[in-house]
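Visitor: I am new to this structure and would like some help reading it. Could we go through it together, one feature at a time?

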Amino acid sequence: MTLQELKPAVTEIIQQTETSVDDRLLAICALLEKEIPYYNWVGFYFKNGDKNELKLGPYVGEPTDHTIIPFGKGICGQVAISNQNFVVPDVSAQDNYIACSLIVKAEIVVPIFVNSQNIGQIDIDSNTPDPFTEMDERFLEFVCKKVATIL
């Protein structure tokens, strides 16, 4: 499926109101990881209450030790502060990268806003060098806007 073709599937998952929010988020992770060959780890991080840290939410992929990420640390922690998308074509070239796996080559993180507040993000790791395009950014912004409607 192309990114454009995935949009209705994401919308359908979001609209499953009989399913818990976490289950819908997990379903989105599973859909993206399955349908986009270079999405090898797909997960959500959310602001952890009043703390300046992110807490791991639903995800699909290899288990991670990074269940709590302080603001400013790693790519996710930087997005929590900058409120901007962060595309990393080569994680080995990033000083402030938190390695989850030696086979991860690239990462993209897009924030989720609710009432203009950055409350979390979608985080995608790829084992493919430099796979993310502007189309991935726009698609993930779409996903985050849809997710924001159920948070």
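Guide: We will go from the sheet to the helices, and then to the rings and a few single residues. Please keep in mind that this is a predicted model.

Visitor: Let me begin with the sheet. In what order do the strands lie?

Guide: The order is 3-2-1-6-5-4, with six strands forming an open sheet and the pairing antiparallel. At the edges you find strand 3 (68-70) and strand 4 (86-88), each pairing on one side only. On average, neighbouring strands of this sheet are turned by 25 degrees against each other, direction ignored.

Visitor: How many bridges join strand 1 to strand 2?

Guide: Five bridges do so, between residues 41-47 and residues 53-60, and the two strands run antiparallel. You can follow single partners here: K47 has L54 as its bridge partner in strand 2, and G43 stands opposite Y59. The hairpin of these two strands has five residues between them, and in this hairpin G49 takes a positive phi near 60 degrees.

Visitor: And how does strand 1 pair with strand 6?

Guide: Those two pair in the antiparallel sense over six bridges. One partner to look for is D125 in strand 6, which is bridged to W41. Strand 1 is also mostly covered, with six of its seven residues buried.

Visitor: What should I know about side chains along a strand?

Guide: In a regular strand, side chains alternate between the two faces of the sheet. For a single residue to look at in a strand, try G57, which is found in strand 2. Leaving aside neighbours within four places in sequence, G57 is in contact with F44 and Y45. G57 and D22 are 35 residues apart in sequence, while their C-alpha atoms are 7.7 Å apart in space.

Visitor: Now the helices. Which strands does helix 2 touch?

Guide: Helix 2 (residues 21-35) packs on the sheet and touches strand 1, strand 2 and strand 6 (117-126). The direction of helix 2 makes about 65 degrees with that of strand 2. Helix 4 (residues 134-148) lies across strand 1, strand 4, strand 5 (106-114) and strand 6, and runs at about 35 degrees to strand 5.

Visitor: How do I describe two helices that pack together?

Guide: Two packed helices are described by the angle between their axes and the distance between the axes. Here, helix 1 (residues 3-14) and helix 4 pack at an angle of about 10 degrees, with their axes 10 Å apart. That angle makes helix 1 roughly parallel to helix 4. From helix 1, residues including L3, L6, V10 and I14 take part in this packing, meeting a set in helix 4 that includes M135, F139, V143 and V147. K7 is worth a look too, as its charged end sits over the ring of F142, 5.0 Å from the ring centre.

Visitor: Which residues are buried in helix 3?

Guide: In helix 3 (residues 74-82), the buried ones are G74, I75, C76, G77, V79 and A80. What covers them includes strand 1, strand 2, strand 3, strand 4, strand 5 and strand 6. Just after helix 3, N83 takes a positive phi of about 60 degrees.

Visitor: How is a pair of aromatic rings read?

Guide: A pair of aromatic rings is described by the distance of the centres and the angle of the planes. This structure holds six aromatic pairs. One of them is W41 with Y59: the centres are 5.1 Å apart and the planes are at 20 degrees, so the pair is stacked. The pair links distant parts of the chain, as W41 in strand 1 and Y59 in strand 2 are 18 residues apart.

Visitor: Is W41 buried or exposed?

Guide: W41 counts as buried because its relative accessibility is 7%. Y59 counts as partly exposed, at 25%. In another stacked pair, F44 and F46 have ring centres 6.1 Å apart and planes at 10 degrees. F44 is buried with a relative accessible area of 0%, and F46 counts as buried at 16%. Elsewhere, Y38, Y39 and F132 form one aromatic cluster.

Visitor: Where is I103 found, to finish?

Guide: I103 is found in the loop between strand 4 and strand 5. Not counting residues up to four places away in sequence, I103 touches S126 and N127.

Note on methods:
Residues are numbered from 1 along each chain as its sequence is written. This is a predicted model: local features need pLDDT of at least 70, side-chain atom pairs count only at pLDDT 80 or more; totals for chains, interfaces and linings use all residues. Side-chain values use heavy atoms; hydrogens and water are left out. Two strands pair if DSSP finds at least two bridges between them. Helices (H or I, at least four residues) and strands (E, at least two) are DSSP runs, numbered from the N terminus. Axes are lines fitted to C-alpha atoms, for helices over the stretch in contact, and angles run from 0 to 180 degrees between N-to-C directions. Contact means heavy atoms within 4.5 Å. Rings of Phe, Tyr and Trp (its six-membered ring) pair if their centres lie within 6.5 Å; planes under 30 degrees apart count as stacked, over 60 as edge-to-face and the rest as tilted. Buried means under 20% relative accessible area, exposed over 50%, partly exposed in between (1.4 Å probe, protein chains only). A charge sits over a ring if NZ of Lys or CZ of Arg is within 6 Å of the ring centre and within 35 degrees of the ring normal. Angles under 35 degrees count as roughly parallel, over 145 as roughly antiparallel, 65 to 115 as roughly perpendicular and the rest as oblique.
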